[in-house]
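Student: Please take a close look at one part of this model and describe how its side chains are arranged. I would like a single connected account.

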Amino acid sequence: MTLSITPLNPTIGARVEGLDLAKPLDEQQQAALEQALLEHQVLFFRNQPLTPRQQARLAMAFGELHIHPIYPNVPDQPEVLILDTAVTDVRDNAIWHTDVTFLPTPAMGAVLAAKHVPAYGGDTLWASGIAAWEGLSAPLQRLLDGLTATHDFSKSFPLERFGHTAEGLARWDETRRRHPPVSHPVVRTHPVSGRKALFISDGFTTRINEVSEHESAALLPMLFAHATRPEFTVRWQWQADDVAFWDNRVTQHYAVDDYRPARRVMHRATILGDIPR
């Protein structure tokens, strides 16, 4: 089949057809996906019924996989985490965030597979950090470029929600010990394209380090709001067996929590990246 890539808007997002993700990618297919990811930042695929093993194999073609310290995973495929609203509190997904920026080397990207979706609702939005950066005025760009910000896992995974059982408390304490707050550039340069992107999100970013607490408290909410302006985003309406593949280095996303009491089950394989520069 011929690979077809259809942009969903001029800023971010494309639908990809003509590829069976359950089969190993050949060199040409992988190169085409890597190029499409650079251009569109998030790719969507319909009708891709992947097993956890196939999903992990697809993600591993692009890098080493992360095992999440909080979320449950597939027992025989621990690199694939389970986001099941019938089992786990996933409210932290209903906030704009870039995955696992509490790591020194945050995710390069992720492959998300829809296993069970509500009849309506439960969409996910992605926002382009590149568009957000380019949409800032030159004086503000000069102010932000070179600054760093603190990212803290407990902002999205607070103790009061994830430490209410002995097992949950032990897991939270161990995660806190292994993942203290880290600092990343406020403006990140993509290691392949060289394009700059705003690299902060409401999910994990707690303060801008080089300015006063008062100044940080004024700047961050403005940047959070700016980065997620509608013209910088794409919204995907899930169907069962859809797959999304996004560049986590230059995007953030928001899973809309509007479908309760319906159930939503997603599997995610997270691809580790490099130190943000």
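Tutor: The part to start from is helix H2, in a model that is predicted. The buried residues of H2 pack against four partners: strand E4 (65-66), strand E6 (77-84), strand E7 (107-116) and strand E17 (265-272). Helix H2 spans residues 52-60, and its buried residues are Gln55, Ala56, Leu58 and Ala59. Because these residues cover an arc of only 160° around the axis, they lie on the same side of H2.

Next, the aromatic rings. A pair of aromatic rings is described by the distance of the centres and the angle of the planes. The model has 11 aromatic pairs. In one of them, the ring centres of phenylalanine 44 and tryptophan 126 are 5.2 Å apart and the planes meet at 70°; an angle over 60 degrees counts as edge-to-face, so this pair is edge-to-face. Phenylalanine 44 belongs to strand E3 (residues 42-45) and tryptophan 126 to strand E8 (residues 124-128), so the pair links distant parts of the chain, 82 residues apart. Both phenylalanine 44 and tryptophan 126 are buried. Ring pairs also join Phe44 and Trp126 with Trp236, Trp238 and Trp246 in a cluster.

Phenylalanine 153 and phenylalanine 157 form a stacked pair, with 6.1 Å from centre to centre and 25° between the planes. Phenylalanine 153 and phenylalanine 157 are both buried.

One ring has a charged residue over its face: arginine 188 lies over phenylalanine 199, at 5.1 Å from the ring centre.

How values were computed:
Residues numbered from 1 in each chain as written. Predicted model: local features only at pLDDT ≥ 70, side-chain atom pairs only at ≥ 80, totals over all residues. Heavy atoms only, no water. Phe/Tyr/Trp six-rings, centres within 6.5 Å; stacked < 30°, edge-to-face > 60°. Helix = DSSP H or I, 4+ residues; strand = E, 2+ residues; numbered from the N terminus. Buried < 20%, exposed > 50% of the residue type's maximum accessible area, 1.4 Å probe, protein only. Lys NZ or Arg CZ within 6 Å of the ring centre and 35° of its normal. Arc of directions from axis to C-beta. Contact = heavy atoms within 4.5 Å.
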